[in-house]
Structures are given as C-alpha cells and as structure tokens.
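Subject: Structure for you to look at

Hi,

Here is the structure I promised. Please open it and keep it on screen while you read my notes.

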Amino acid sequence: MFTLALTASTPGTGTGMATGSVILVPRAYAFSPFEAKPHSTEILNSPAFSPLKARPANTGFNSYPGHNAQDPNSKTTHSSMVYCNSDSDQNPLFNDWPQLLQISIGSGDLMLGQAIHAFLAKLGYQNDAFRGNNLVNLYGKFNKLGDAQSVFDEMLVRNTITWTTLIKGHLQVNDVESVFRIAREMYWVGEEFNEHTCSVILQACDSLENLVRGEQIHGFVIKRGFDEDVFVGTSLISMYSRCGDLGAAEKVYSNLAYKDVRCLNFMISEYGKAGCGEKAIGVFLHLLGSGLEPNDYTFTNVISACNGDIDVEVLRVLHGMCIKCGCGDEISVGNAIVSVYVKHGMLEEAEKSFCGMGERNLVSWTALLSGYVKNGNGKKALEGFSQILELGVGFDSCCFATLLDGCSECKNLGLGLQIHGFVVKLGYVHDVSVGTALIDLYAKCRKLRSARLVFHSLLDKNIVSFNAILSGYIGADEEDAMALFSQLRLADIKPDSVTFARLLSLSADQACLVKGKCLHAYIIKTGFEANPSVGNAVITMYAKCGSIGDACQLFYSMNYLDSISWNAVISAYALHGQGRKALILFEEMKKEEFVPDEITILSVLQACSYSGLLEEGFCLFNDMESKYGIKPEIEHFACMVDLLGRAGYLSEAMSFINRSPFSGSPLLWRTLVHVCKLHGDLNFGQIASKHLLDLAPEEAGSYILVSNLYAGGGMLNEAARVRTVMNDLKVSKEAGSSWIEIDNKVHQFVASDKDHPESKEIYAKLDLLKSEMKQNMIYNRTPADMSPM
DNA sequence: TTAGGGTTAG
C-alpha cells in the first residue's frame with residue numbers, strides 16, 4: 001500500500017521519476033491543462049508527463065503547509081493531498097479520478113481538478129463523453145465557463161449530459177441568454193432533451209419576461225411525458241411562482257403524482273412567500289399525513305409562512321414540533337422562529353428564542369433588531385449595533401438597512417451619519433436597500449439635500465427608493481416631486497400604490513385640484529383606482545382640494561370600502577362644514593358593520609366642532625371608551641376644547657383642560673388661545689396664553705398666535721411686547737406661504753412678497769377687496785390684522 | 001460512471 005498525493009503548485013516540485021510512495025502531478029498539468037497537448041507524442045512519451053509511468057520524487061511534498069506526511073489521517077491535510085489505496089499495479093488515478101474530481105469540487109480545490117484535467121487530457125478525453133462531461137461539470141461548478149466551453153469544444157463525442165452540464169454552468173452565473181442560446185444549439189444539432197435538461201432550462205425562466213419561454217418548455221415537458229418527474233415538477237412550480245403565477249404553480253403541484261419532501265418543502269415556501277400561510281400549513285399537514293419525515297427546511301419554511309393571520313397557538317405547536325423532531329437547533333429554523341415572533345409583534349418570545357439559540361449568525365441578529373424597529377424601539381435596535389461590532393459577525397446590506405431604519409425610527413441622525421460612513425467604507429453604498437434606508441433617514445430628519453444625493457448616487461433605483469425620496473419631498477418642494485415622477489416614468493419604473501398615495505397626498509396638501517385630477521386620470525388608466533389605499537387617497541385629495549362632490553361620487557362608486565374609506569369621506573364632510581352629513585355617514589358606517597377607529601371618532605368630533613353640534617360631540621366623546629373601546633387621546637381632547645370654545649363656552653373649555661390628563665400639554669392651551677382669538681376674548685385668552693408660553697417657550701407659532709390675540713383685541717402694545725420677547729429669545733418662524741394655481745402654474749406668495757411680476761396689480765386688487773369687505777361689514781378687524789406678519 | 005429541484009433578515 002502506498003500513498004498518492006496530488007499537489008499542484010509547491011515551488012521546486014521535481015518532475016523526476018518516482019522514488020518513493022508519493023506521486024506528484026507535475027506543475028505543467030496542474031496549471032495548464034489546455035496546454036498539455038495530449039496528442040503530442042513528445043509529451044506522451046515523456047516520463048514527466050506520463051502519470052501511468054511516472055513515479056516522481058516527493059521533493060517538496062513535506063514543505064506543503066500544514067501537511068503531515070507520516071500521518072495520512074491528519075486533519076490538517078490540505079485538500080490537494082488525496083490519499084487512496086493502490087494495491088493494484090495500476091496508477092490509482094486511473095480508477096479514482098471521478099471521486100477525486102468530486103473531492104476537488106466539494107472542497108473548492110480547483111487546482112486538484114486542473115491536475116485531473118491534465119491527467120484526463122493525456123488519456124485523450126475527446127473520445128470519451130464520460131471524461132469530458134466530468135470536466136465540463138468541474139469548470140462549470142467553479143464558474144470557469146470559458147474553460148468548460150474549451151473542454152466542450154474539444155470533445156469529439158457529446159451527449160445530452162454534456163449539453164445539460166454546460167447549460168447548468170451558465171445558469172450558475174446567471175447568464176440566462178447563454179442558457180437559451182446553448183439550448184437552441186442543442187435543439188438544432190438534434191441532441192435529445194431529457195428531464196435533467198428541462199429542469200435546468202426552466203430555472204432560467206425565473207422572471208415575468210421569460211414566462212413565455214417557460215410555458216413553451218412546459219408544453220414540451222408534457223409532450224414528452226416529463227411532467228411526472230418530481231424534479232421537473234418542482235422546477236415548474238418554482239418557475240411559475242417566480243413569474244408571479246401562483247395559480248399555475250398550484251396546478252403543477254396538484255397534478256404531480258409523486259411528491260417528495262423537497263418538493264413539498266418548496267411548495268410550503270412558495271405559499272409562505274405569497275402570504276398564503278394557511279395553504280402552507282395545509283401542505284405541511286399533507287407531508288405529515290403522507291408519512292414523510294419533515295426536515296429542517298420543512299420547519300424553516302412552514303414557520304416562516306406563519307403570517308399575521310395565523311393563530312399564535314399554531315405557531316407555538318409548530319415551534320414545539322420542530323424541537324421534538326430534532327430540528328430546533330438548526331440556525332435557519334431558529335432564525336425563522338425569531339422572525340415569525342417578530343412578525344406577530346411578540347417581541348418577548350422573539351427575544352427568548354433568540355437567547356435560546358445555540359448558534360447565531362448575522363441573520364438572527366438582524367431578525368431581532370428589525371423586531372425592535374418595527375415595534376417602535378429604534379433605540380434598542382441601535383444598541384445591537386455595538387454588539388454586532390463587538391461580536392465580529394460582520395455586516396451585510398440587510399443588516400445595514402435595518403440599523404438605518406432604527407436610526408429613522410428614533411430620528412438619530414448622528415448615529416445614522418456614522419453608519420453611513422461605515423456603509424461607504426464597507427462598499428455597500430450603492431446597494432439599493434441600504435440606499436433606500438439612507439434616503440428614508442435623511443427625509444425623516446428633513447435633510448432633503450442628503451436624501452437627494454443618496455438617491456441620485458443609486459445605480460439601480462427601484463420604486464421603493466423612489467417612494468422614499470418622494471416622502472422627503474412632501475411638505476418641501478412640490479415641483480421637484482412632480483419632476484421626479486416624470487423621470488420615473490421615463491426610466492420605465494412602474495409606480496405602485498404607495499407612489500400614488502404619496503403623490504395624491506402631495507396634491508391634497510397643496511390643494512392643487514388640477515394636478516390631483518391629472519393623477520386621478522393616470523390612476524384610472526393604470527388600474528390603481530381599485531387599490532383601497534389609492535382610492536382612499538383620491539377621496540381625501542378631492543376633499544382637501546375643495547371638491548366634496550367628486551370625493552363623494554368616488555366613495556359611492558368604490559367596489560371595495562374599508563374603515564379608512566369611511567374615515568376619508570366623514571373627514572371630507574367635516575372639512576366642508578357639513579357636520580350633519582358627517583354624522584349620518586357615521587351612522588351608516590356602523591350599520592354596514594365597519595368598526596370605527598380613533599381616526600373615525602376624531603373626524604366626527606371635528607365635524608361636530610366645525611358645525612357647532614355641541615351635544616352630539618359630547619355624547620360621542622363620552623361614549624368613546626364604553627361604546628367603541630377607544631381611549632381618548634390628546635387629539636380628541638383638543639377637539640373637545642375646540643368644540644366648547646367655538647360654541648362660546650370658554651370657561652367650560654378651560655375647566656375641561658384642567659380636568660383632562662393632558663393639562664400640561666401646549667396643544668390644548670394653543671387650541672384655547674385660538675378659540676379665544678376667534679371670539680376676541682382677552683380674559684380667558686390671557687390666561688390661556690400664559691399657560692401656552694410657559695409650556696412651549698421655544699415655539700415661534702405660540703408667540704405669533706398670542707400676539708395676534710392681543711392685536712385682535714386692540715392691545716397693540718401688548719402684541720408688540722410679545723413679538724419683542726420672541727425676538728429676544730431668538731425664536732424665529734419660517735415665513736408662511738400661500739399659493740394659487742392658475743393655468744397649470746402654481747403661484748406662491750410669502751408675507752410682504754413683492755417678487756411676483758404682477759405684484760403691483762395683485763396688491764391693488766387686494767386693497768380693493770379690503771375696502772369692499774369693509775363696506776359690507778364683513779371685514780371688522782383692527783388694522784393690525786391687515787399688516788403682514 | 002457523469003448532468004436536475006429548496007431555507008432565514010429587508
């Protein structure tokens with residue numbers, strides 16, 4: 001018995017004859033198999049290049065790092081060193097090369113494979129499809145498609161396996177077009193396609209643009225009777241679900257007579273990805289009923305499929321089952337458990353499962369941290385950042401995106417900037433998910449310039465990154481947002497429901513009916529009107545743009561209504577001062593068995609307030625908790641102060657504030673000052689003002705409101721004093737602006753603005769209007785109101 | 001005696 005070692009590159013490797021128990025494959029074979037020129041008689045006759053005859057010296061062998069020549073079982077042996085039995089007088093390579101090739105692929109040792117290539121080249125693989133196929137496979141597995149192609153080209157005899165293996169290599173590097181090109185060539189030369197070939201080609205049809213090809217192959221598969229094959233079936237299921245046709249995938253699944261565990265696991269996973277948790281569990285139960293044994297993939301998939309609709313008890317049973325089946329320690333199962341508890345908002349269970357994991361990786365960490373972010377605890381998620389750093393588990397784009405989401409959640413721009421620096425340093429800056437998280441962070445922290453820079457630096461923008469920058473533009477620069485929307489259409493990125501909802505909200509805030517209508521037309525054209533969130537945003541847009549008729553028409557024509565639709569239309573009536581109609585709709589909503597939420601109640605209270613429906617407002621407020629199970633929040637209390645105040649009950653409004661749990665909040669006092677100003681009541685106004693300025697001394701808006709209250713009551717000196725205090729405290733307010741849209745152009749004005757080209761005419765018209773109002777006794781305020789702020 | 005199907009975070 002002697003030892004064979006295949007080593008490739010040790011410097012100083014001799015090429016002399018064997019003198020010991022070790023064969024060294026010459027360097028020339030190991031590195032340049034294509035240059036081995038196996039047909040050259042010169043090489044064939046050379047002992048150095050003849051493995052069958054060669055017994056090269058073991059010079060250099062012992063110098064191989066980590067190798068122990070005396071101990072063939074040494075665990076430190078480099079994968080290039082392969083030991084095998086060779087009692088026969090034949091060179092062991094002769095029989096064992098296929099296994100050695102497997103070792104080469106399995107251990108990632110390309111040089112070992114190249115050495116075998118050299119050996120096979122010498123034997124003349126051109127006349128032996130088996131040898132050539134193995135080499136095509138070798139190079140394909142190492143993503144060396146050029147070398148695989150060279151072997152393929154040199155082969156004189158090819159078969160289905162040769163072609164299939166080459167196709168698989170191209171599939172592995174995602175070169176879909178080469179897959180189809182080679183498949184076409186295969187067809188033209190008359191090579192037979194079998195189940196293996198079809199399942200490989202089907203994998204290349206993984207996007208909508210290749211669905212037609214996938215369907216053609218499906219037709220061919222049926223014609224040849226390959227549709228019974230479980231591999232082909234699984235590839236078809238994969239192809240259809242990746243192309244977004246889960247119905248077709250289901251059909252393939254149900255037509256498949258024999259399904260193995262892998263196929264069932266796959267279907268569970270596809271149902272999970274499609275959000276069909278119950279169906280995924282159905283397949284899982286079918287798997288158990290078929291007597292098949294679930295494995296770690298089964299549990300990872302079925303647990304991940306448990307979305308919010310699945311009862312938590314089911315989740316607990318699955319969790320228990322996977323432990324019982326011995327799959328609980330698998331890291332992917334653990335990660336799925338943590339993520340699914342996060343999905344159900346069960347953070348404590350997620351933490352417990354995370355802590356109970358024997359082994360954790362970056363995915364486990366990200367799953368838990370995303371749980372903190374989703375549950376509004378960005379601060380805790382960010383604490384994980386330092387832990388990940390300390391543990392040295394590394395980072396990836398998903399982890400960075402989650403951490404940045406954490407920064408957005410708690411508006412921690414400082415740490416966000418640090419992570420941005422880290423992202424740049426580690427080369428993740430062009431990643432679209434990281435970029436989108438950065439845009440979101442900067443947009444939320446009102447750093448629009450930074451958001452814009454990140455957005456424009458993204459190489460692959462998608463609709464999510466576009467929506468992120470869009471939300472940054474809301475309330476900032478409407479023109480830019482619309483220009484960006486045109487760019488989006490030019491770039492052929494399809495808008496989604498979020499895009500439309502945000503653009504509509506933009507038009508609504510700008511009260512820009514023409515733009516809103518254009519958007520609505522585009523929405524109808526693209527079929528998004530049926531989307532509930534878009535439909536509801538259209539209602540709100542019409543209401544805010546002053547067109548209550550259009551808002552109602554759309555509401556009554558919508559096929560799908562939810563509570564938000566009702567809230568939108570009730571709020572529309574409130575906004576238009578039609579309180580009675582809002583109340584009628586509220587009753588209708590309940591009759592139709594829609595459950596009112598806190599927004600519904602707020603909208604109805606606003607409707608009562610704007611229409612002076614004091615009694616109705618109070619009844620609803622008193623019923624909130626007992627009848628609707630909604631605890632009144634600060635906004636509801638503010639609404640009640642407004643309701644009482646507008647109705648002239650200022651004393652009651654003040655005692656209402658004092659009795660409320662929010663008497664220390666500036667919002668309620670601001671509301672009271674506002675209603676006092678409406679009534680010109682300086683008595684209560686002064687008390688309310690004192691509370692407001694004590695509670696919010698840094699808010700410029702409060703000083704201006706108080707100053708206007710005094711000015712409105714004729715106390716001009718007091719009004720001026722408040723302004724002086726405000727200036728002394730260096731509290732400044734951004735100039736307010738108003739705008740009007742004429743002939744598709746928005747004209748914007750700030751106080752004392754003289755920039756408009758028709759400024760003179762505009763002021764002249766204003767003066768005329770003021771004097772007319774005076775004459776008609778409509779305008780009965782003091783001159784202070786006329787002076788710009 | 002070579003070639004085919006899957007898992008987790010966003």
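Below is what I found, taken in three parts. Bear in mind that this is a predicted model.

DNA strand B

Start with the DNA. DNA strand B is surrounded by 47 residues. The closest are Asn194, Asp229, Asn265, Lys374 and Asp396. Of the strand B atoms that come within 4 Å of the protein, sugar and phosphate make up 39%. By class, the nearby surface has 25 polar, 11 charged and 11 nonpolar residues.

Three contacts deserve a look. Lys374 places a polar side-chain atom 2.3 Å from a phosphate oxygen of DNA strand B. Asp396 goes to a base instead: a polar atom of its side chain is 2.3 Å from a base nitrogen. Ser433 also faces a base nitrogen, with a side-chain N or O atom 3.2 Å away.

His420

Next, find helix α22, residues 413-425, which holds His420. His420 counts as buried because its relative accessibility is 17%, and the cut-off is under 20%. Beyond its close sequence neighbours, His420 is in contact with Val429, Leu438, Tyr442 and Val454.

Helix α8

Last, helix α8 covers residues 176-188, 13 in total. From first C-alpha to last it reaches 19 Å, close to the expected 18 Å. Its buried residues include Val179, Phe180, Ile182, Ala183 and Met186. Residues three or four places apart on an α-helix point the same way, because there are 3.6 residues a turn. Among the elements covering the buried residues of α8 are α7, α9 and α10. After α8 comes Gly190, with a positive phi near 85°.

Best wishes

Methods
Residues numbered from 1 in each chain as written. Chains lettered and ligands numbered in written order. Predicted model: local features only at pLDDT ≥ 70, side-chain atom pairs only at ≥ 80, totals over all residues. Heavy atoms only, no water. Near = heavy atom within 4 Å. Polar contact = N/O pair within 3.5 Å; in protein donor to acceptor, adjacent residues only side chain to side chain. Nonpolar A, V, L, I, M, F, W, Y, C, P; charged D, E, K, R; others polar. Helix = DSSP H or I, 4+ residues; strand = E, 2+ residues; numbered from the N terminus. Buried < 20%, exposed > 50% of the residue type's maximum accessible area, 1.4 Å probe, protein only. Contact = heavy atoms within 4.5 Å. Expected span 1.5 Å × (residues − 1).
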